[in-house]
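Open the model in your viewer and keep the selection panel at hand. The stops below say what to select and what is there.

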Amino acid sequence: MNNEDNQPQQHRKQPPSPLPPPSPLFTYHQRPRTGVIPPPLLSPGAAEVKDQAGRRLSIPEGARRRSLTYAEAGIPARRRSLAYADLMAVFYPPNTIRQPTVTDTPFECAEWEGVSDSALSHIPIDEPGVASWEPTLERAIKSIVSIKAQCVRSFDTETSGTYTATGFVVDAQAGLILSNRHVVNPAPIVAQAIFVNYEEVELQPVYRDPVHDFGFFRFDPKKVKFMQLDSIRLAPQKAKVGMEIRVVGNDAGEKLSILAGTLARLDRAAPEYGVGQYNDFNTFYLQAASGTSGGSSGSPVLDIYGDAVALNAGGATKAASSFYLPLSRIVRALDLVRRGEQVPRGTIQAEFEYLPYDELRRLGLDMDIESKMRETFPESQGMLSVCTAQRGGPADGSLQSGDIVVAINGKPVIEFVSLEDILDSSIGQTVHLSVWRGNKAYDMHIGVQDMCDITPSRFIEIGGGVVNEVSYQVARGYGIQTGGVYVASSGHVLGSASAWRGSVIVSVNNIATPNLDAFASALSQLSEGSRVPIRLFSLEKPYRQKVVIMNVTTHWHALRMATRDECTGYWIYRDLDPPVLRIGAIEPQTASVPQLPATLAPAHKVWPSLVYLDFHIPYLVDGMKNTQFAGPGFIVDKEQGYIACDRDTVPTGVGDVYITIAGSIVLAGRVEFLHPVYNFAIVKYDPKLIGSTPVENTRFHPDYYEGDRRLAQGDDVFLVGVSADQSPVVRRTEVSSRSMVSTRECVPPRFRCTNIEGVKLHDQPSCQGGVLCDDQGQVMALWVGVSSQDSNSKDVSTMSGLDVAILRPTIESLRNNLGVPDIRSLDVVLWTMRLAPARTLGLSPERIRQIEERSSDNPRLFYVMGLSTSESPAAKLLTTGDIILEKNGEPVRDVNDIGAIQDDKCVELVVLRDSKEVTLRVPTTGLNGMETRRVVHWLGALIQKPYRAVHEQVRHLPSEVYVSCTLYGSPANCYGLRPGMWITEVENKPIKTIDDFVAILKELQLGWPESASEEPSLRDMRTARYVRITVVNKTEVTKVLSLRVDGHFWPAWQLVHDSTAATGWNSIRHL
């Protein structure tokens, strides 16, 4: 593990650059190389040799000054290095593996490979400066591509999102691009490669190594129309300490960056990127100080002849060190991928490390063994030692940490490549390991496992979350066994049980889930709407299991399994059997209300009417940033099952409500009403399901309920609240103040309580809410949470007393089966004004006298502080700064008179404006008790009609197609469609409403399936299609975006409010 100051990082997830990066086009074989390969015909007097393939190599005599030959220079052979002892002191410390060193001539080009030393002895040695980087890089950049990728689902060690990286063509004819494993990605991705001439092709991830940091993309070479494709040769044998290199790629999101460096080490341990992340092991890494950064992952490490000697993989965060993967195993895999064969990868689930002999001696290595190893491998300075044996793996119980590997199958093994060669060729067989442990030799036989069996290639989407089987990578990082159900993304359903990412599910409803198939089977046996126990543990604490309750609500999202086709790299979906909705399956339950002691009076009179609510949101609409809310509720009609609560507990209508009654019965409810101005909501449950449980209606104090009285400063009250563990909190206190409730406009826009007064308490205890009552338990106000944001746009919640009189119109209407009342508004935000500033603004002495006589204790007025919308009829008549004096001929005494208006479609107002009293006849705006009634999903964007809070923050609405949220890894998120934008055109066709938008999607077949069974074809997925849309943000800046259409991972669907549905919503997957 590296220390914290030099922590390595993978150069991958760099935000996409506006300019695409480099691309491929260069061949090493038939193409002449400057300063090395002569013209096609020999010039007179030119030297000529032939390599083993019969290729003619010549250097024209007149091409440059004559230099010394090998023989004249006294150098025995071209592969001999300079003063070994001197280089040893310079390039690496003692007791490390011997590394190839710098020679006195440039490293061999491709055309010299295989040429004998005797033939080369008569060829002049290249003089310094003859080989040039300029033509090499000019050719190489044509084969290097910038990669744009979207990880569309969290999976295994990866999370959904967008990133850029680099790759390079290694087979132009087959269309193969080499990059890192963490770029090719084990998760489902959509990726494109951009060549240096800005041609873009679609990529298929066809192979990613289970352990080592490399993988291959495939593209269609026929799609590249305007440049000659070429490849970069892989030359792992050319890597040498001291070699001058260039790392060419998409560094830090730049189109092209060329970084210079010198190879300093060839035997560095694989970098560690952190527990729970992807990490390479059982290999050496190369190291140089090239200072690569994000976006350069997958860049070729080139020598001066344009050959790749390594693959850039990562770097230190606080140093210039960069880490490169050797190419030896990549060459083998490339050959198999070219032939369309599977790349065999065997494992015994053990991690090895290379240790020098001095450390091995401290582990007990026998001197005789060391002597024989040094004799057999004279260039080696160490051996392999067992680092860990994975729990539950083939080596568990056989190998131990500190074991020194002497031989495998009777063959001495001292480095990683030989080790992996044996394992890869022995899958399904048993290998014979000879190890030295302490001061004894041990022989053991261990079965070799196929690494594909412990590398997941399937996942299940449940409730917007993702689960897959525990991979070798995850198991290795946390010391657990492979297999089991790993939560890659919690989503709505698993999130209800706090089964967050990094959890492993052991059982569902007491059914063991050792793998995905068992998990899918357990889900199919559940009932929709039920609550079941699941057993799980966190990877951080695998020794501690816990049992939690999961809400089975799969109707909001698709329930399906995806399987990767290893030949094409595509993920194929199939629907799973969902939990069954069993009508009448829920039996009525009866419970007793807890009897509270007399010391908690008057809580015992209030407690039978208090319930506890849990609210879970499946989608972030209406400006929501959180998905789970909880707080108390108050039964207002036990016969019909109506409960009142604050909008800090139920902030939106899209979600699942769970009601805990009498502390032991949990029922599913639904949102019935959201007050658009005041801070309360109404939730409904089925009263038949609680049997004869002795619940009571909340007893409101008649004077306060009718509005004849209200709490004022100094009044004595009892606070009966509910704590976080649902136990009672009782406090006798008094009202400290009464004032307007202050809230700020939120980012993103969401409901905020306005135009209402609240009370504060002396010595108020900590609780989640409750009631303010007298000593007889008669409720005078609700003690509720008020949600807002501070000046830094961070969420804050305060407590305030809410007059019960504002609930009366709604409660009485519901009790009398009249539905929700007709609530109307002047579309203004009101605030109080004292008489002194009002006098300055021109209020007449007569008006002041009337106000003082009316309110001798607290004379004040109400003025328009802002407009809730600029497009309503009221907003065109009223203006900021208007002081409202009268409504329908009556003086305005209380903010409740004008904050929300019942039934009146038009009111007559007298306002003070510019020192004059003006009479206005103002139409009111009807407000909806369930503001959002339709949500459309398209390409990862959640689209809805602008709600009231959005109106408040813009001058006018560009359209009614408002983007409320975009999902990570989606085309919307990748191509610049952001929350808070309006879509005004699709393919130059203007749109105004959601209906217009859906109609155009269907007309142009832009990701909207015509039937539930329609799936994009393989050809559709290979062919990119883009749609052009025009968007406008809240500052009225217009922009044109092009989004890639992806109906496979991001099919279109919509949610529609339906009062007859159990949850109040229907999910429509097709039209």
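**Stop 1: helix 22**

On the other side of helix 22 from its buried residues, Asp995 and Glu1003 are exposed. Exposed means over 50% relative accessible area, buried under 20%, and partly exposed in between (1.4 Å probe, protein chains only). Helices here are DSSP runs of H or I with at least four residues, strands are runs of E with at least two, and both are numbered from the N terminus.

This is a predicted model: local features need pLDDT of at least 70, side-chain atom pairs count only at pLDDT 80 or more, and totals for chains, interfaces and linings use all residues. Residues are numbered from 1 along each chain as its sequence is written, and side-chain values use heavy atoms, with hydrogens and water left out.

Now select residues 994–1004, the whole of helix 22. Which residues of helix 22 are buried? They are Ile994, Phe997, Val998, Ile1000 and Leu1001. These residues cover an arc of only 160 degrees around the axis, so they sit on the same side of helix 22. The arc is taken over the directions from the helix axis to the C-beta atoms. An α-helix has 3.6 residues a turn, so residues three or four places apart point the same way.

Add the strands that the buried residues pack against: strand 54 (934–938), strand 55 (941–944), strand 57 (982–986) and strand 58 (989–990). Contact means heavy atoms within 4.5 Å. Then step to Gln1005, just after helix 22, where phi is positive at about 55 degrees.

**Stop 2: helix 8**

Select residues 367–376 for helix 8. Ile369, Glu370 and Met373 are buried there. Their arc around the axis is only 100 degrees, which puts them on the same side of helix 8. Turn to the face away from the buried side: Met367, Asp368, Lys372 and Glu375 are exposed.

What covers the buried residues of helix 8? The cover includes helix 7 (357–362), strand 18 (382–389), strand 19 (404–408), strand 20 (411–412) and strand 21 (430–437). Finish at the N-terminal end, which Asp366 caps: a side-chain oxygen of Asp366 lies 2.8 Å from the backbone nitrogen of Asp368.

**Stop 3: helices 6 and 9**

Show helix 6 (residues 328–338) with helix 9 (residues 416–424). They pack at an angle of about 30 degrees, with axes 10 Å apart. The two helices are therefore roughly parallel to each other; that label covers angles under 35 degrees.

Pick out the contact: Ser328, Arg329 and Arg332 in helix 6 meet Val417, Glu420, Asp421 and Asp424 in helix 9. By class, this contact has one nonpolar, one polar and five charged residues.

**Stop 4: two loop residues**

Go to Arg750, in the loop between strand 40 (728–740) and strand 41 (757–761). Is Arg750 buried or exposed? Arg750 is buried, with a relative accessible area of 7%. Its side chain makes a polar contact with the side chain of Asp795 at 3.1 Å. Leaving out residues up to four places away in sequence, Arg750 touches residues including Asp622, Lys625, Gln789 and Tyr947.

Next, select Thr157, in the loop between strand 4 (144–151) and strand 5 (161–171). Thr157 is buried, with a relative accessible area of 4%. Beyond residues up to four places away in sequence, Thr157 touches Arg181, Gly276, Gln277, Tyr278, Gln473, Val474 and Arg501.

**Last stop: zoom out**

The protein has 23 helices and 62 strands. Of its 1071 residues, 57% count as buried.

Methods. Axes are lines fitted to C-alpha atoms, for helices over the stretch in contact, and angles run from 0 to 180 degrees between N-to-C directions. Angles under 35 degrees count as roughly parallel, over 145 as roughly antiparallel, 65 to 115 as roughly perpendicular and the rest as oblique. Ala, Val, Leu, Ile, Met, Phe, Trp, Tyr, Cys and Pro count as nonpolar, Asp, Glu, Lys and Arg as charged, and the others, Gly among them, as polar. A polar contact is a pair of N or O atoms within 3.5 Å; within protein, one must be able to donate a hydrogen and the other to accept it, and residues adjacent in sequence count only if both atoms are side-chain atoms.
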